[in-house]
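Dear colleague,

Please find below the structure that I am handing over to you, together with its sequence. My notes on it follow directly after.

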Amino acid sequence: MNDEDETTDLPQDRLIDRRSFLTRMSALSAAAGAVTVLPPIGIRQAMAAVGLGNDAYAQTIRPEALADPTELTISEAATLIKKKHISPVELVQAYFDRIARYDADYYKAFNTVRGEALAEAAIAASARNLGPLHGIPLAIKDNYYTAGTLTTANSYIFEDFVPDFDATCVARLKAAGGIVLGKMQMGPLATTRATTPDGIVTTRNAWTPNNASTDPGGSSSGSATATAGRMATSSIGTQTGGSITAPSNAQALTGLKPTVGRSPLYGIVPLTYTRDHPGPLARDAKDAAIMTQVMAGPDPNDPRTLGLPPVPDLVKAATPVRKGGAYALRWPTTIGVIPGFLNGTSATAVARAAMLQTFASLGATIVDVTLPPDWDLLTGGSFNNVRLPERSEPFLEFLKQDVRLFGVSLNSWMQGLFLGGEDYLKGQRAKFVLMQQVLDDLYAQCDVVVQTSPVPFDILGLPEIAFNIGFSPNSDGLPVPIGAIFGGMPFAEDRLLSLVGAFQAVTDFHLKRPADPVVALAARSIGGGQTLRLTAEDVEALSE
Amino acid sequence: MAITPPTTDELNIYIRARLALIGIDISVLPVSDSNAPADQTRVLSSCRQILTGTVPTISNYLPDVQENPPVLYPAPFTEWASEDGGRKSLRDRRKELGLG
């Protein structure tokens, strides 16, 4: 933790200088600008990652993590690896053992387990330590290109696709010492909870490994289940309509969806190119900060990342601080509560109220906020559908080849063909209207705002952090996580991480882990004896 | 004079024509099979929903085109255009800069 005298800096949402990037003034000129600055295809080396300081290392290791290496956070594992109290080989083997024991029959989180990870861990064990990610086993969503490893996006289209290069985010994680343990199950082409291309449900929520009917969250559910189910230390996913925040909430993880452009999309199978966000699904705020610190920053292969404010020290931001001997917020923060957030007497409502009370005790100001005047219209179904042509366009060749390649996800790719050019441009203007209203109206009332739907901030590309705030029993009596989401202003990742870091310093929700699968219940382990399947209508309704 | 809304059959003809123009063949799908991952009936239905629901809603929305450029990435754009962490509107920034 930091001393209070280190808290006099400001979060990045208070430090942005005015800039002039007039090429971004319109959709058309933005597209033209993108063409002019794109480097030749093939230049794909990762930019040097921002240095990770001592804040990334844990000062103490929990006894349960010392007893079971699959329990370690990145921060804890990094400390043990640095001190040579554990080797990357032991860590990878511990996860392999757990994957072999549970994944195929229960969690179903992996598309591919990379056997090479063990050899890579052996190399890491004898190599110079590269920093906090050195030798850390990571789960990668299967829409990130991984050189030499099958990358299917759970689609018939890519069922045999083996890229010859890594996505920039993957390259950066590997350059920082991370080990790719495997590729994770996901919704077909990142649309819904993980299923096979024809809709058979695969991945389960790690908190109910014997019951497939519990939603594991959105399309990054394989990544989430691997991290929550202790089959990887941390993981990455993508979010277009809630697929980092939803599985993080569903599985008691800390997920960070950065501002659009903060982390590069180069080498990721596209879904909606103005709304796709790469980010971590991690065990706590510190781990999410470490992952984002490595992944974020300009990439010459992704013009969306260029010319943005520099990435601040996110790990320091996530590190709890004390003021007057007690944990406190790093920066004064007003948390906005939207109408209806606390309604009712459900376990969720109770957990939300307690969460806000905890933040108040840390020094936050809690205020009720009003939503902007056009909020319902501009975040509703019709304007959310403006994203659909962005998925149809890059896949036209496959739609022409055979529509059956899209399996159960076909409908939204077809729908995207029926919005006109003027509809699409109107949608971009609507984004601008909404953004101005959010900044002028909503953020005039607060610094961060609670979220109950991913759609508004995914439309706008604003950052969000998801974190666990409690549990409630399901019909089997098993605890199921209750999550919360905070949304921030552009590039407010540091503030969001600082808030959750402080919350986790005074609570223990993030330290709870799900029970292992009950082998005796194997007979009911596929949705109570039935194969669960999503229909085209289900996928369309749930589609990101 | 009020425009008569198109019928389902007219919409289906429009959808099939548009798909044929760009070379997409949905006849490879079963006509109607709830056990199949996709079928022609459901594809046509979902496309009709977009045409009769989303398209009119977007069309009827009339933002000020001078004040609201069609920005692809509003979060970074708005941040670049501000100097106070996004709290100030682009409209106010323009006024400060003497641009309107």
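Of the 544 residues in chain A, 60% count as buried. Please bear in mind that the model is a predicted one.

I begin with the two chains in outline. Chain A contains 20 helices and 13 strands. Its contacts often link distant parts of the sequence: among those with a separation of 6 or more, 77% are between residues 24 or more positions apart. Chain B has 100 residues, of which 32% count as buried. Four helices and zero strands make up the secondary structure of chain B, giving the pattern α-α-α-α when read along the sequence. In chain B, 23% of the contacts between residues at least 6 apart in sequence join residues at least 24 apart.

Next, the contact between the chains. Chain A contributes 61 residues and chain B contributes 44 residues. On the side of chain A that touches chain B, at least two residues each come from helix 1 (27-37), helix 13 (381-384), helix 15 (396-401), helix 16 (410-415), helix 17 (421-442) and helix 20 (536-542). Helix 17 of chain A gives the most, with 14 residues. Sorted by class, this side of chain A comprises 30 nonpolar, 14 polar and 17 charged residues.

Within chain A, helix 19 deserves a separate paragraph. Helix 19 of chain A covers residues 493-506, and at 1.5 Å a residue its 14 residues should span 20 Å; the end C-alpha atoms lie 21 Å apart, which agrees with that expectation. How many of the 14 residues of helix 19 of chain A are buried? Twelve of them are, so that the helix is mostly covered. The buried residues form the run A:Glu493, A:Asp494, A:Arg495, A:Leu496, A:Leu497, A:Ser498, A:Leu499, A:Val500, A:Gly501, A:Ala502, A:Phe503 and A:Gln504.

Several of these residues recur around A:Ala285, which is placed in helix 9 (residues 285-295) of chain A. A:Ala285 counts as buried because it has 29 C-beta neighbours inside 10 Å, where 20 or more are required. Leaving aside residues up to four places away in sequence, A:Ala285 touches A:Leu497, A:Val500, A:Gly501 and A:Gln504 as well as A:Thr254 and A:Ala318. Of the residues touched, A:Leu497, A:Val500, A:Gly501 and A:Gln504 are among the buried residues of helix 19 of chain A. An α-helix has 3.6 residues a turn, so residues three or four places apart point the same way. By contrast, A:Asp105 is 180 residues from A:Ala285 in sequence and 31 Å from it in space, C-alpha to C-alpha.

Finally, two backbone features in chain A may merit your inspection. A:Leu189, a residue other than glycine, has a positive phi near 55 degrees. A:Leu189 sits in the loop between strand 3 (179-184) and helix 7 (221-228) of chain A, and it counts as buried because of its 29 C-beta neighbours inside 10 Å. A:Arg230 is likewise not a glycine, and its phi is positive at about 60 degrees. The loop that holds A:Arg230 runs between helix 7 and strand 4 (234-239) of chain A. With 23 C-beta neighbours inside 10 Å, A:Arg230 also counts as buried.

With kind regards

Note on methods. Residues are numbered from 1 along each chain as its sequence is written. Chains are lettered from A and ligands numbered from 1 in the order in which they are written. This is a predicted model: local features need pLDDT of at least 70, side-chain atom pairs count only at pLDDT 80 or more; totals for chains, interfaces and linings use all residues. Two residues are in contact if their C-beta atoms, placed from the backbone, lie within 7 Å. Ala, Val, Leu, Ile, Met, Phe, Trp, Tyr, Cys and Pro count as nonpolar, Asp, Glu, Lys and Arg as charged, and the others, Gly among them, as polar. The expected span of a helix is 1.5 Å times one less than its number of residues.
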